[in-house]
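I opened this notebook to follow how the strands are arranged, taking the sheet before the hairpins.

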Amino acid sequence: MEYDWDAIIIGGGPAGSTVARYAADGGAKVLVIDRRSVIGTPLQCGELVPSNLQLKNLCPDVPDIDELFCTPDEAISRETKTMGFIAPSGKKLVYPFEGQILHRPIHDQKLVEMAKTKGAEFLTEVRVNDIEGHNIILKNGERISSRVIIGCGGPHDPLRKKFWKEKSLNIAVNFVLMDGDFDDRVDLYFGSTAPGGYAWVIPKDGGANIGIGIQTRFSRGKSLNTMADDFFDQFEGEVTYRGGGYYLCQEALAISRKNTTLVGDAAGMVLPSNGAGITTAMIGGRIAGQVIAEHIRNGKSLGQYQVHWNKQMGKVMKYSKRGMSW
């Protein structure tokens, strides 16, 4: 059959742009569809990622980390050398941790630019209404065909919603950007402060990203908004932005089926212990992009994506889950 595209990717965030970058680099004809006018906005996360050196220690089975993660200086707001873990009693344990706090919109736009330099094309301010076989149906009724369809649209990804019915653990999140003077240490709060999840204070240039994620089944009837306000009130500063949503933690998920596959938050590629999802999305995105390119070139099975993901990140995801209350 003739298709309009080799690969259509739903969602142009870190997962989607990375899939596009590597699939296009491998010779695939790639289109990314995103409903936003500017990819990377609105802000939806804590913006913290490990340094490349730290990531090599955390994910020893992931190859060529420096090649995958080449974050430009303008996308980095601040750096940290330590991380604190704080119990409800107030007891704090501080560990060495090399991390970068991003300007997330700039970071995501740089990933888009990298994908475009490899030949990927982007279609923004467009919504996907349905998926039928090899066809994407847009909200305006237009049909676009693709050999492979990839869902990178986060928890609400339309491909996941239609074809993946597995239950997932949903962590509800509320966060703010606050101006003020904050130490350069990242602090994570556990226990009754954020039941079934965690809260964070992540310093930025001139302020901090402060948030909380909970499992509502453990909140004893207390709403996320109330718990979030109680947490935010502990800190001094002017709130300049409010955001929220939720992320998925998936115990087991077949991430490829027939001509479709999921990457990033849509595939539950979030570390259960701390909600980190940017780096995992990009690791999964590179694997998926490379496998898709080989699938187009020589018929390599899309199931190899799952195989390589398990090899590179299976142990990390397993150990992270042990630190989470399921």
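In what order do the 8 strands of the open sheet stand? Working on a predicted model, I looked up the pairing and read the order as 3-5-4-11-12-13-10-14, with mixed pairing. I then turned to the edges, where I found strand 3 (48–50) and strand 14 (239–249); each has a single partner strand, so one side of each is left without a neighbour in the sheet. For the twist, I noted that neighbouring strands of this sheet are turned by 30 degrees against each other on average, with direction ignored.

Within this sheet I picked out one pair, strand 12 (residues 198–204) and strand 13 (residues 207–214), which are joined in the antiparallel sense by 7 bridges. To fix the register there, I noted that I202 stands opposite N209 in strand 13.

Next I looked up strands 7, 8 and 9. Strand 7 (residues 128–132) runs antiparallel to strand 8 (residues 135–138), and 4 bridges join the two; in this pairing, D130 has I137 of strand 8 as its bridge partner. The hairpin that strands 7 and 8 make has 2 residues between the strands, and I recorded that G133 takes a positive phi near 60 degrees in this hairpin.

Which residue in the turn between strand 8 and strand 9 has a positive phi? I found G141, at about 95 degrees, in a hairpin with 4 residues between its strands. The pairing of strand 8 with strand 9 (residues 143–151) is again antiparallel and extends over 3 bridges, and for its register I wrote down I144 in strand 9 as the bridge partner of I136.

Definitions and conventions: Residues numbered from 1 in each chain as written. Predicted model: local features only at pLDDT ≥ 70, side-chain atom pairs only at ≥ 80, totals over all residues. Heavy atoms only, no water. Pairing = 2+ DSSP bridges. Axes fitted to C-alpha atoms, helices over the stretch in contact; angles between N-to-C directions.
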